[in-house]
Amino acid sequence: MTSKYEIENLLRPPVEYSSALVSYVFMGACIVAPYKLSMSPTVGFAFAGMFFVTGTWRFFQGVKISTYHKSFKRLPRYILSLSKIKVSRHFLFMGKGFRWRETHTERIYAVRERKNEKYSTQSFIYSWIRNLEYQIENGKIGFLAKITAKDVYFNPFRPYPDVGGEPALHGVGVNEEKDVTMRLSNRYGHHIVVGSTRVGKSRKAEVYITQDIHRNKDDLIVIFDPKGDADLLKRIYIEAEKAGRLSELMIFHLGFPEISCSYNPLDSFTRLTELSTRVTGSLPESGDSKAFKDYAWQFTNSFSKGMFYCGDVPNYPKIKQAFKRPDLLLIKYSEKYLASINVEFSFEVERLTDELKAKKQKKNNTRSPKAEAFITFIRDKGIYGNTLEDLIYINQLDPEYFGKISSAIGPFLEKVTSGQVGDILSGAKDGCEKPVLDWMELYKRGGIVYIGLDALTDVEVGGAVGEASFAALTSMAGYIYKHDIDAGTPFTKSKKRNVIVHADEFSDLIGPKFVPLANKSGGANFQLVLYTQTLSDIEVKLGDESKANQVITNINTIEFMRVQDEKTANLMVKKLPEVNVSTIMAVSGVNDNAGQGGTVGFVSSNEDRTSTQRVPMLQVADIAGLPKGQSFCLMDGNQLYKLRAPMPDKKDSAALPATLLDVVNKMKVAYQSDVEWGGLRND
Ligand SMILES: Nc1ncnc2c1ncn2[C@@H]1O[C@H](COP(=O)(O)OP(=O)(O)OP(=O)(O)O)[C@@H](O)[C@H]1O
Ligand SMILES: [Mg+2]
């Protein structure tokens, strides 16, 4: 379809068919009656061959024009069994598409012109049938509507795929469409997929995750799914099974503790202070609540330091216990601390305890006598320790005041420690047979981890666990980045392992520590694939626009599905250059010379003028008008591609074991993905 003329005009009748027809007629004549054309049969056959070649050539040129026109109303369905995707060691398959250039901008401008509206308007019959279906749907002949609406190949009135948007956005390159891939080496620069709700982010994730699972068994694949999309979990399960990696699959799911492994979101950190941020992150910050949050943070920090010193790994139940009985931690800490500085305390503390017990009975004092005895002993001896002071301070607070602060964090701690959710959030426990999710262990071993957060049921817990897990990954990336893996570290592998993180709705998962993860983790062989709805979500989480921009601008591959938010869409639009668009202007005029003498009565003119104008390569409206499953992708240093992802075919799903099937069914009720799998097919 390349045009050697100054202006390409594809919005015209496919006249190539006429010349193809003429060529075929001459071909027939050359074969049937060569003598009538003054040729011998041999020469006739030679000419017939030539006419066949030119006719076919013209015919296919006509087909291209017809396909081009058809694609403005609908594109062929693209449903693919994901097992048919070629998994490459060097490339990631992204879908079908083409490199978007100046020509495509020019073509989309042409399609939108008023005179070309007919190419993108549905036929009268099609619109009439759809309207009729609506009118008769609930009437006596409602069955007719069901027949005409059937999504089957042989239905002449078959409705177009319900993907909305402007099909012409892909149609302008439909004849150049090929498989689009991204070099795996580019993935260390990370990849973000932005798209509003229900436009196909999770289905796209399925396409990418499937390839990652099959590509290299050494890779560690981590999938965060805050909503708990049933189809995604099902896909991961099936593909892990096909790849022979089922034994490596670990599922952590807040919504289905029965099948979940157990995990302590507080067990990995780079700085101990991170723990308090994770525990108190969900508390409100407005007005007076801010002071309560700050105190709760400070107390949690003191408790974590205390526990850590005593050799305990902090977890939610232990923090809750510390808020309920801060004296127990003080006693444990003091014993260990005094022993470490060689101070003999047992006899004296016991004596003081007995004394205090006697007083307590008289005064009805509720404080623990042993903790008070330790405080008195430490004060008498003039012993000082930073954490020790913190714990003493907490124990000496007015119980009513301490109770108020504890009650701010109480409900959250209650949620994460009660019932089955509490069980799976407390990490390794004696007598518990569930596998335990330990990030460093996983890095050493490799595998596939699915983290379902069920955030639709409980935003607070889902958010806290998601953020904590993401922060744990950041710590892990930092550790791997800093340490030379070859130089005697505990890792079993001699080189760094790829860690591929797919984070759906990732704005729900991030905290302040996310910026270093996005900026530096590539050096630790991390490949982030982040899916989000708008930039504002990231802004809200990171606190300001510049940080959100910093995240996005540091990501190498940016993929935009349909986005309505102008500011978000501008992130891509503004990165692209302006291009020249040529237009034809028809000019006609008449000059009347009547009454002025001479032989010329009037002069008429008719001309086509071409003009060019500078326009942006893409507009916000182009991104807002994308059909479901389609995207614009900037990769490889600002090369723009137009992509459409396949709709994963569910028919190839292997039979699932009953337990997972149950889980999936329960999840389907909890979170509908609306996919009607039956009857969909490629054509
Ligand atoms: N490649 C595709 N081709 C055609 N339709 C698609 C494609 N991908 C998704 N869809 C349609 O869009 C619907 C929503 O897809 P998906 O669940 O992936 O969206 P999402 O962006 O993840 O939504 P959410 O914000 O709710 O998580 C699907 O049920 C399907 O009907
Ligand atoms: Mg989704």
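**Notebook: helix pair, ligand shell and Asp212**

I looked first at two helices and found that α12 passes α17 in a left-handed crossing, where left-handed means that the near helix is turned anticlockwise from the far one by less than a right angle, and helices are DSSP runs (H or I, at least four residues) numbered from the N terminus. This is a predicted model, in which local features need pLDDT of at least 70 and side-chain atom pairs count only at pLDDT 80 or more, while totals for chains, interfaces and linings use all residues. Residues are numbered from 1 along each chain as its sequence is written, and chains are lettered from A and ligands numbered from 1 in the order in which they are written.

I then noted the residues that meet: Tyr316, Pro317, Ile319, Lys320 and Phe323 in α12 against Ser406, Ile409, Leu413, Val416 and Thr417 in α17, contact requiring C-beta atoms, placed from the backbone, within 7 Å.

Next I turned to ligand 1, which 18 residues surround, the closest being Thr197, Gly200, Lys201, Ser202 and Gly629; a residue is near if its C-beta atom, placed from the backbone, lies within 6 Å. Helix α8 (residues 201-215) gives the largest share of this shell, 3 residues.

I stayed with α8 to look up Asp212, which is found in that helix. Asp212 counts as buried because it has 23 C-beta neighbours inside 10 Å, the cut-off for buried being 20 or more other C-beta atoms within 10 Å of its own. Leaving out residues up to four places away in sequence, I found that Asp212 touches Asp219, Ile221 and Ile500.

How values were computed: Contact = placed C-beta atoms within 7 Å. Buried ≥ 20, exposed ≤ 12 C-beta atoms within 10 Å, placed from the backbone.
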